[in-house]
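Hi,

Here is the structure I promised to pass on. Have a look at it first, and then read my notes below.

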Amino acid sequence: RNVDRGGMLAGDDILEFWTKAALKDFYAHESWPEEVGEGKSKKTHWVNPVDRWWTDEAKRHSRVVFDPSERPREYDVNLYNKDLLTLVPVPGDSAPIRDFIRDVVCGGDLSAYNWVTLYLAHMVQRPAERPGTALVLYGPGGVGKGTFGRIARRLVEPYDLLATHPEHLLGRFAGPSLATSMCVVSEEAVFGKSAEAADQLKGMVTQCDMRVEAKQVQSVQMD
């Protein structure tokens, strides 16, 4: 199912799984003509459009992927679409943002500032490469952690995700949203010093594949 940018920004999942039976029920109010027989015995039957689509037009794919590299994937369903990216270069002064990252986020540490700048640049310039690291910001409320998160997410919108609860990251059905996000920001996340949660988060940061499970549908492996 194709979801436009407006739907994504409103919180609609770009990844949605349907069984054939559920799809037929959804289109039960519609019907397509189908010719049966030949000559005088030819008759027109009206059938559920899913039945005809399933045998005549439906494409068979081997995998579901989210691949920003845009290399040819004839037999895969690639959920990434570069045309959906909303950030475009415009004339202006980026000094306020650079000053904020250097002086507030990095506390004036030029080494840390250069690393964070390269980290953000890597996300935009090489979106298909997982960096294998994550940024962790500590500090009291109101110091700018959320502002930095919005800046980072804006770079790859709408392929971003704001997680405000542990379930958004580690929940059983968090996969569809995570699998189509190049930048995930978890604000005020509290995991209760759980070793299991820590292992799950480490795996999410470093692993290239992930198991995605939607409600009432068999889970799939995604690149």
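Let's start with a definition: a salt bridge here is a side-chain nitrogen of Lys or Arg within 4 Å of a carboxyl oxygen of Asp or Glu. Searching the whole structure turns up 7 of them.

Before the details, two notes on the source. This is a predicted model, in which local features need pLDDT of at least 70 and side-chain atom pairs count only at pLDDT 80 or more, while totals for chains, interfaces and linings use all residues. Residues are numbered from 1 along each chain as its sequence is written, and side-chain values use heavy atoms, with hydrogens and water left out.

**Salt bridges**

Aspartate 51 and lysine 24 meet through their side chains in a salt bridge of 3.2 Å, N to O. Aspartate 51 sits in helix H3 (residues 49-57) and lysine 24 in helix H2 (residues 20-26), so this pair ties together parts that are 27 residues apart in sequence. Helices (H or I, at least four residues) and strands (E, at least two) are DSSP runs, numbered from the N terminus. Aspartate 51 is partly exposed at 27% relative accessibility, and lysine 24 is partly exposed at 28%. For those words, buried means under 20% relative accessible area, exposed over 50%, and partly exposed in between (1.4 Å probe, protein chains only).

Asp99, Arg102 and Asp103 are linked in a salt-bridge network. Glutamate 157 pairs with arginine 154, with the closest N and O atoms 3.7 Å apart. Glutamate 157 is also joined to proline 158 by a cis peptide bond, with omega about 10 degrees. You'll find proline 158 in the loop between helix H6 (145-154) and strand E5 (160-163).

**The overall picture**

The protein has 9 helices and 8 strands, and 28% of its 223 residues count as buried. Strands E1 (residues 32-36) and E2 (residues 43-47) run antiparallel and are joined by 5 bridges; strands pair if DSSP finds at least two bridges between them. They form a hairpin with 6 residues in between, and glycine 37 in the turn has a positive phi of about 90 degrees.

**The core**

A nonpolar core is a set of buried Ala, Val, Leu, Ile, Met, Phe, Trp, Tyr and Cys residues joined through side-chain atoms within 4.5 Å. Which members of the largest one touch the most others? Of its 20 residues, those are Ile101 and Leu120. Helix H4 (95-105), helix H5 (110-125), H6 and strand E6 (183-186) each supply at least two residues of this core, and H5 gives the largest share, 4 residues.

**Aromatic rings**

There are 6 aromatic pairs (rings of Phe, Tyr and Trp, the last by its six-membered ring, with centres within 6.5 Å; planes under 30 degrees apart are stacked, over 60 edge-to-face, the rest tilted). Phenylalanine 66 and tyrosine 80 are edge-to-face, 5.7 Å centre to centre with 85 degrees between the planes. Tyrosine 80 is buried, at 9% relative accessible area. Tyrosine 80 also forms a tilted pair with tyrosine 159, at 5.2 Å and 35 degrees. That pair links the loop between E4 and H4 with the loop between H6 and E5, 79 residues apart. Ring pairs thus link Phe66, Tyr80 and Tyr159 into a cluster.

Cheers
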